[in-house]
Amino acid sequence: MEVIIQPSKEAAAALVSRIISKELRGNPHLILGLATGSTMERVYRHLVQMHREEHLDFSLCTTFNLDEYVGLMPSDPNSYRHYMNHHLFRSVNLDLRNTHLPNGMAENLEAECQHYEALIKRFGGIDLQLLGIGKAGHIGFNEPLSALRSRTRVKALTPTTIKQNAPFFGGEEHMPRRAITMGVGTIIEARRCVLLATGDSKAQVVAQAVEGPITSMVSASALQLHARCTVIVDEEAAADLKEKDYYRWIFENEPDWQDYR
Ligand code: F6R
């Protein structure tokens with residue numbers, strides 16, 4: 001795992017978008033794993049800007065999102081399909097037929113989960129998976145105690161997640177209680193993972209995920225098993241990390257990061 005500390009939320013999101021753009025320019029057929037949530041909005045703003053101003057081309061790219069609420073129509077403003085259309089898909093030249101999210105309206109949810117796994121496999125797996133982190137350490141909707149080898153399935157959301165996302169729904173009573181999510185095992189099979197966390201509310205969980213033990217209580221800690229995972233944080237989210245000087249040294253000195261400094 002590598003940790004990169006950036007001075008601000010904006011700088012952290014800009015770095016993530018530059019990593020994505022470099023991968024996409026190197027491989028126009030990139031299979032890109034996407035996440036939603038407020039942290040990612042900045043990343044998508046940067047990608048849209050790069051598409052407009054630097055001709056970043058998504059025409060051959062295929063995307064797979066991590067998760068979708070159960071029971072929401074794609075047209076529902078709170079669905080993740082709607083979020084993706086709004087923040088990214090409609091503003092870049094992605095072919096909507098190449099964008100995939102689990103179908104939370106499927107009659108047979110278990111079959112839908114298996115179908116989603118099979119689809120990822122058919123495309124040869126995910127090249128680059130973008131991740132956020134919940135306050136209780138989830139990646140996707142892999143709530144605490146999610147098996148570290150879990151695959152795409154339906155998960156019941158924890159009270160912490162419901163509280164975190166309820167404001168978007170106008171209150172907890174309007175919020176779905178379940179979601180389809182890629183499993184932790186599915187996520188760590190991506191060839192590269194990039195996790196973005198910003199703001200002081202994430203400081204404690206970032207330290208647990210990065211420097212704490214691998215535990216299903218903090219799903220993001222499973223990323224320690226990944227051979228190529230980069231965690232990008234702003235100063236606020238880095239506040240509780242013990243080895244900050246070491247992480248800064250690596251970013252300033254290692255040739256891999258030369259193009260990004
Ligand atoms: C959503 C997802 C979640 C979010 C996480 C952080 O697709 O994967 O794991 O990344 O809940 O959300 P924000 O950015 O809203 O704090």
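The exercises below work through the packing of a predicted model.

**Exercise 1. Identify the residues with the most contacts inside the largest nonpolar core, and the helix that gives the most to this core.**

Solution.
1. The largest nonpolar core has 79 residues.
2. Inside this core, V43, Y44, L88 and V233 have the most contacts.
3. Helix α1, residues 9-26, gives the most to the core, contributing seven residues.
4. Take L88 as an example: with neighbours within four places in sequence left aside, L88 is in contact with L34, Y44, L47, V48, Y83 and L94.
5. A second core, separate from the largest one, has five residues, including V70, A106, L109 and C113.
6. As general background, nonpolar side chains in soluble globular proteins tend to be buried together.

**Exercise 2. Classify the aromatic pair of Y44 and Y83, and state which parts the pair ties together.**

Solution.
1. The structure holds 11 aromatic pairs.
2. For Y44 and Y83, the ring centres are 6.3 Å apart and the planes are at 75°.
3. Planes over 60 degrees apart count as edge-to-face, so the pair of Y44 and Y83 is edge-to-face.
4. Y44 lies in helix α2 (residues 38-54) and Y83 lies in helix α3 (residues 80-87), so the pair links parts that are 39 residues apart in sequence.
5. Both Y44 and Y83 are buried.
6. Y246 and Y247 form a tilted pair, with 6.1 Å centre to centre and 55° between the planes.
7. The relative accessible area of Y247 is 11%; buried means under 20%, so Y247 is buried.
8. One aromatic cluster is formed by Y44, Y69, Y80, Y83, F141 and F169.

**Exercise 3. Describe how α2 and α3 cross, and which residues make the contact.**

Solution.
1. The axes of α2 and α3 come within 10 Å and cross at roughly 40°.
2. Angles under 35 degrees count as roughly parallel and 65 to 115 as roughly perpendicular; the crossing therefore makes α2 oblique to α3.
3. On the α2 side the contact is made by M40, E41, Y44 and V48, and on the α3 side by Y83, M84 and H87.
4. By class, the residues of this contact divide into five nonpolar, one polar and one charged.

**Exercise 4. Decide whether T39 is buried or exposed, and list the residues it is in contact with beyond its sequence neighbours.**

Solution.
1. T39 is found in helix α2.
2. T39 has a relative accessible area of 14%; the cut-off for buried is under 20%, so T39 is buried.
3. Leaving aside neighbours within four places in sequence, T39 is in contact with L196, T198 and K202.

Key. Residues numbered from 1 in each chain as written. Predicted model: local features only at pLDDT ≥ 70, side-chain atom pairs only at ≥ 80, totals over all residues. Heavy atoms only, no water. Core = buried A, V, L, I, M, F, W, Y, C linked by side-chain atoms within 4.5 Å. Buried < 20%, exposed > 50% of the residue type's maximum accessible area, 1.4 Å probe, protein only. Helix = DSSP H or I, 4+ residues; strand = E, 2+ residues; numbered from the N terminus. Contact = heavy atoms within 4.5 Å. Phe/Tyr/Trp six-rings, centres within 6.5 Å; stacked < 30°, edge-to-face > 60°. Axes fitted to C-alpha atoms, helices over the stretch in contact; angles between N-to-C directions. Parallel < 35°, antiparallel > 145°, perpendicular 65-115°, else oblique. Nonpolar A, V, L, I, M, F, W, Y, C, P; charged D, E, K, R; others polar.
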